[in-house]
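Hello,

I am passing a structure on to you, and I thought a short tour might help you find your way around. Please open it alongside this message.

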Amino acid sequence: MVSLFPMKILSSDLFVKSFQEMNLNPLLHAALKKIEISKPTRIQSEAIPTAQTGTDLIAVAQTGSGKTLAYSLSALDKLLSKPDSRALILAPSREMAQQIYNVLLSLCADLPISVCLAIGGTTGSKQANQLKKHPRVIIATPGRMNDHLTGNKLLLQNVEIVVIDEADRMLDMGFAPQLKSIQNTLRGQRQTMMFSASFSQSVESIAQLFMQHKVVMIRSEKSEAPVSTLKQKVIFLDRSIKNDRLLDELNATKSGVIVFTGSQESCEFVGAHLKEYGYSIDLIHGGLSQGHRNRVVREFREGELRILVATDLLARGIDIPHVDHVLNYDLPFKEEDFLHRIGRTARAGRTGMAITFITPSDRRMYEKIKPTLAGAKEIKALPNFSFIDRSQKFEAKSVGRRDQDQKSGGPQKRNAFRGKK
Ligand code: AMP
């Protein structure tokens, strides 16, 4: 994925304060009015005028900053001015693609622009028929788009705008081959916009693949820090009391809560624990069917479900305004996922609270996420809390196990617990 030519990354100082001054197509002003959006967010003020110059663009925008509308408005403005042009929007997960699709559907309700969703987990033949009709906007996950292209290389004819959302996650999820083959089928001049909550080497390597030799980068200063309306609480505790503490913390909440776990097994375990205590919850992780995942996101979005137990599958992009609490039951494996997780609350100016459990064995990840926890209220639920010293790790672990055996009624039960985790 390395280009033969080094890419020149420029910065932009374009900033337009209002949608009215953006010279957008009047139909888009009407659409914004209908969805009751009146003032651009910072990333919209920067990205839309920059995109209107036609340049390739990389925008590193704080999570929850309004990036979906930033690229959707930019793309639709161009499609309205060029009736034979089309746009492809790629997102790393089906849930994100679905969410982007919903935004596009509401924007395009009164526009002469057709929108199609191409994601896995739903029947491919219906999608293939829709794609054959050359919809003006395709929102897809790379895997499913690539499957469709294998059968018909011409599906992306006249695509002049490519948007890659959550670009940093595309490579993490192993989408490099699919992106490469999608790029190979694109012909002619086009504009590529990449949006991401963080900038990394993987973002740059996708940029090398899709973009011209000059690209404008917009990097909001605070893009890698939590929003100011987010309050945080860190609870230092032993693993053996995590489950009880989880119940206490949940009892103190009223609105939507996402409990983040570190693996599918942990997600199932925490879900079963909460159900045992009578909570009405549901789960979302990659091992569940797409039908289940869609239903759960829908029910949670509509407020039918108050508590959702999830893996990092849900950490990025998903926008559900009534999430007031994010509870990190386990830490993520990747530090950047922490910022994405806590970005699920306190969105679009709302307040929110992120609660994070830290156990003695979490030292390494804790050190990494510490800058993101600046200003957090610290609570020691374990009075003599200290991290396990790596040099004594083996010994400390054995002691921990014995303690747990005694508390949980013997090795058999503890092993069941560990198996679940
Ligand atoms: P996003 O970062 O695209 O996931 O958007 C986060 C949230 O901000 C979504 O609920 C959007 O509907 C909302 N939003 C986006 N742009 C604006 C805006 N200009 N004014 C108010 N809310 C917005």
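Below is what turned up, going from the whole chain to single residues.

**The chain as a whole**

Please keep in mind that this is a predicted model. The protein chain has 421 residues, and 54% of them are buried. Its secondary structure comes to 16 helices and 15 strands. If you take the contacts between residues at least 6 apart in sequence, 76% of them join residues at least 24 apart. The chain exposes about 19200 Å², with carbon and sulfur atoms supplying 50% of that area.

**The eight-stranded sheet**

One open sheet is built from eight strands, in the order E1-E8-E2-E7-E6-E3-E5-E4, and the pairing is parallel. At its edges you will find E1 and strand E4 (115-118), each of which pairs on one side only. Neighbouring strands here are turned by 20° against each other on average, with direction ignored.

For a closer look at one pairing, try strand E3 (residues 86-90) and E6, which run parallel over five bridges. Within that pairing, Arg86 has Val159 in E6 as its bridge partner.

Helix H9 belongs in this part of the tour too. H9 lies across E2, E6 and E7, and runs at about 170° to E7. How many of the ten residues of H9 (residues 201-210) are buried? Seven are, so the helix is largely enclosed by the rest of the structure. Those buried residues are Ser202, Val203, Ser205, Ile206, Ala207, Leu209 and Phe210. Their cover includes three strands, E2 (56-60), E6 (159-165) and E7 (191-196), along with the helices H7 (167-172) and H8 (176-185).

**The seven-stranded sheet**

Another open sheet has seven strands, ordered E11-E12-E10-E13-E14-E9-E15, again with parallel pairing. Strand E11 (281-284) and strand E15 (377-380) stand at the edges with a single partner strand each, so one side of each has no neighbour in the sheet. On average, neighbouring strands of this sheet are turned by 20° against each other, direction ignored.

Here the pairing to look at is that of strand E9 (residues 230-236) with strand E14 (residues 352-358), which is parallel and spans seven bridges. Phe236 stands opposite Ile358 of E14. Helix H12 (residues 290-301) packs on the sheet, where it touches E10 (256-260), E11, E12 (307-310) and E13 (323-328). The direction of H12 makes about 135° with that of E11.

**A check on helix H11**

Helix H11 (residues 264-276) has 13 residues, and at 1.5 Å a residue it should span 18 Å. The C-alpha atoms at its ends are 18 Å apart, which agrees. Its buried residues are Ser266, Cys267, Phe269, Val270, Gly271, His273 and Leu274. When you read that list, it may help to recall that an α-helix has 3.6 residues a turn, so residues three or four places apart point the same way. After H11 comes Gly278, which has a positive phi near 85°.

**A serine and two asparagines**

Is Ser45 buried or exposed? Its relative accessibility is 2%, and because buried means under 20%, Ser45 counts as buried. This serine sits in helix H2 (residues 42-52). Its side chain reaches the backbone oxygen of Val16 at 2.9 Å. Setting aside neighbours within four places in sequence, Ser45 is in contact with Leu14, Phe15, Val16, Lys17, Met22 and Pro40.

Two asparagines are worth a stop as well. Asn23 has a positive phi of about 60°, although it is not a glycine. You can find Asn23 in the loop between strand E1 (8-11) and helix H1 (26-34), where it is exposed, with a relative accessible area of 68%. Asn158, also a residue other than glycine, has a positive phi near 65°. Its place is the loop between helix H6 (142-151) and E6, and Asn158 is partly exposed, at a relative accessible area of 44%.

That is the end of the tour; I hope you enjoy looking around.

Best wishes

Methods. Residues numbered from 1 in each chain as written. Predicted model: local features only at pLDDT ≥ 70, side-chain atom pairs only at ≥ 80, totals over all residues. Heavy atoms only, no water. Helix = DSSP H or I, 4+ residues; strand = E, 2+ residues; numbered from the N terminus. Buried < 20%, exposed > 50% of the residue type's maximum accessible area, 1.4 Å probe, protein only. Polar contact = N/O pair within 3.5 Å; in protein donor to acceptor, adjacent residues only side chain to side chain. Contact = heavy atoms within 4.5 Å. Areas by Shrake-Rupley, 256 points an atom, 1.4 Å probe, with all protein chains shown as cover. Pairing = 2+ DSSP bridges. Axes fitted to C-alpha atoms, helices over the stretch in contact; angles between N-to-C directions. Expected span 1.5 Å × (residues − 1).
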